[in-house]
Amino acid sequence: MLLLRRFYCSSQRIGHIAKSHKPGDSLSIQGWIKNIRRLKNNTFLDVDDGSTSRRFQVVVPRNAETQSLTAGSVISAVGQIQVAPNGNFELHADRVESLAEGHLQDGYPFTPKQKHAPEYVREHLHLRSRVDYVAAQLRVRHKAQKAIHDYMDELDFVQINTPLLTTNDCEGAGEVFRVQPDSEKLLKQMARPKVPPEESYFDSKVFLSVSGQLHLEAMTYGLGRTYCLAPVFRAENSKSPLHLAEFYMFEAELAHLDKLEKLARFIEQMLKSITNRLLETSSEDLHFCQRNASASSDLPWLKVPWKIMSYDEALSVLLANKESLKTPISLDEGFSKDQELFLVSHCGTPVFVVEWPTKQKPFYMKISRTNPERVHALDLLMPAVGELCGGSLRESDAATLSAHPQLPKDLAWYVELRKYGGIPTGGFGMGFERYLQLLTGVKNIRDVIPFPRYPHSCKM
């Protein structure tokens with residue numbers, strides 16, 4: 001074990017070399033050869049170990065031993081750090097060992113020097129982490145998750161692992177996936193009187209979660225501030241570049257929250273803070289993703305206060321400019337993406353649309369006591385992606401909640417939360433992949449998640 005640990009520690013991750021080494025230092029690296037250039041006396045290897053979007057050059061003598069190295073092969077190289085003519089560090093290797101052959105001529109789908117379209121790369125999910133811009137996106141994704149966890153921990157939020165199996169459809173839209181054992185034999189073994197055979201495992205219908213919100217609320221009544229970052233599932237027949245059947249949702253609940261404006265300002269401060277942290281920790285990868293997506297590296301919304309406007313104000317703006325819109329305005333449904341982006345452009349900043357029509361929002365949102373036709377809800381609209389966050393004050397009165405016509409029949413426990421020391425609460429949910437699209441400029445949401453699931457596609 002000691003020998004293994006020493007060997008592991010002696011090999012440096014390429015992304016850390018510039019931060020922790022100086023010219024003349026000796027070190028060892030391991031990685032894949034991305035490209036080879038052979039000159040008269042030396043061979044130059046571009047080596048990648050998945051830790052950085054910047055290629056690292058290894059210089060080795062051109063001889064019979066190094067002549068057999070090929071692109072795609074995995075090597076271990078030992079040598080000294082030097083400064084290349086372009087100012088970057090490079091490794092002048094004394095010893096190179098081939099650890100595995102690349103076999104790129106045997107059906108490997110990606111040509112080292114060619115830039116492949118995202119649609120093509122997506123056809124090879126098991127190999128696409130080796131594509132530079134996909135690897136950069138996944139590193140940004142990791143750092144974004146860490147930034148969220150660090151930020152929420154500093155504010156004394158408690159992370160809750162909300163269940164993926166649930167008996168409720170939180171949003172009430174019916175976009176749920178049913179869950180039951182695949183084995184008919186097992187279902188027959190577990191059969192009980194008056195229980196449908198397909199429900200015999202749990203004695204009720206069970207679904208994949210569409211949101212962790214209701215479970216978070218239960219925890220918030222005892223813990224005060226909670227959040228989760230977990231997968232959720234939506235059975236929508238949509239192949240939009242902004243929709244997935246399985247995606248990650250960042251959700252938070254705050255106790256003693258009685259003003260919608262406080263929730264809006266919390267969301268604004270949170271998003272600006274975690275984004276600034278990402279710019280500190282992952283600027284190289286972030287800018288690499290933006291360049292690859294032909295997107296601007298400027299994020300002007302970090303430097304300005306965000307606007308709050310009522311639904312009625314937003315609707316008036318849209319009606320006054322309906323000739324400029326691509327989609328018709330509906331008074332029974334929310335705004336389309338086209339309309340959301342128009343509002344962002346009109347305001348010149350991200351915009352919180354607040355105080356929504358009661359009939360457009362779910363049962364758990366707090367109804368205005370002065371205007372029952374409105375609920376204390378908000379949608380955050382951002383450039384490029386449209387709606388990023390949705391949130392509300394939660395209905396804290398048990399009687400009002402019980403009387404709601406859309407209250408699901410199996411949520412007596414949810415009403416009971418208000419009975420035993422009910423408090424005003426509020427919260428929001430943010431599609432994590434949409435946030436990554438907002439940062440990186442990536443057009444299709446399927447390219448910011450490792451294994452995208454969407455209608456007619458669930459590979460691996």
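Begin with the crossing of helices α5 and α14, which in this predicted model is right-handed. Select residues 132-154 for α5 and residues 432-440 for α14, and you will find that their axes come within 11 Å and cross at roughly 115°. With side chains displayed, look at Val140, Arg141, Ala144, Gln145 and Ile148 on the α5 side, which meet Phe432, Glu433, Tyr435, Leu436 and Thr440 of α14. Coloured by class, this contact of α5 with α14 shows six nonpolar, two polar and two charged residues.

Keep α5 selected and add α2 (14-20), α8 (260-281) and α9 (283-292), since the next stop is the second largest pocket, to whose lining each of these four helices supplies at least two residues. The volume of this pocket is about 710 Å³. To centre the view, pick Gly15, Lys19, Ser51, Thr52 and Glu284, which among the 27 lining residues lie nearest the centre of the pocket. Which helix gives the most to this lining? It is α2, with six residues. Taken by class, the lining of the second largest pocket comprises twelve polar, nine charged and six nonpolar residues.

Turn last to the strands, where five of them close into a barrel with mixed pairing, in the order β1-β2-β3-β5-β4. Neighbouring strands of this sheet are turned against each other by 55° on average, direction ignored. To inspect one pairing in detail, select residues 26-38 for β1 and residues 74-83 for β4, which run antiparallel and are joined by seven bridges. Within this pair, glutamine 30 can be picked as a landmark, standing opposite serine 76 in β4.

Conventions
Residues are numbered from 1 along each chain as its sequence is written. This is a predicted model: local features need pLDDT of at least 70, side-chain atom pairs count only at pLDDT 80 or more; totals for chains, interfaces and linings use all residues. Side-chain values use heavy atoms; hydrogens and water are left out. Two strands pair if DSSP finds at least two bridges between them. Axes are lines fitted to C-alpha atoms, for helices over the stretch in contact, and angles run from 0 to 180 degrees between N-to-C directions. A crossing is left-handed if the near helix is turned anticlockwise from the far one by less than a right angle, and right-handed if clockwise. Contact means heavy atoms within 4.5 Å. Ala, Val, Leu, Ile, Met, Phe, Trp, Tyr, Cys and Pro count as nonpolar, Asp, Glu, Lys and Arg as charged, and the others, Gly among them, as polar. On a 1 Å grid over the protein atoms alone, a cavity is a set of points where a 1.4 Å probe fits but cannot get out, and a pocket is an open set with protein on both sides within 12 Å along at least five of seven lines; lining residues have an atom within 4 Å of a point. Grid points are joined across faces, edges and corners, and a volume is the space filled by probe spheres set on the points.
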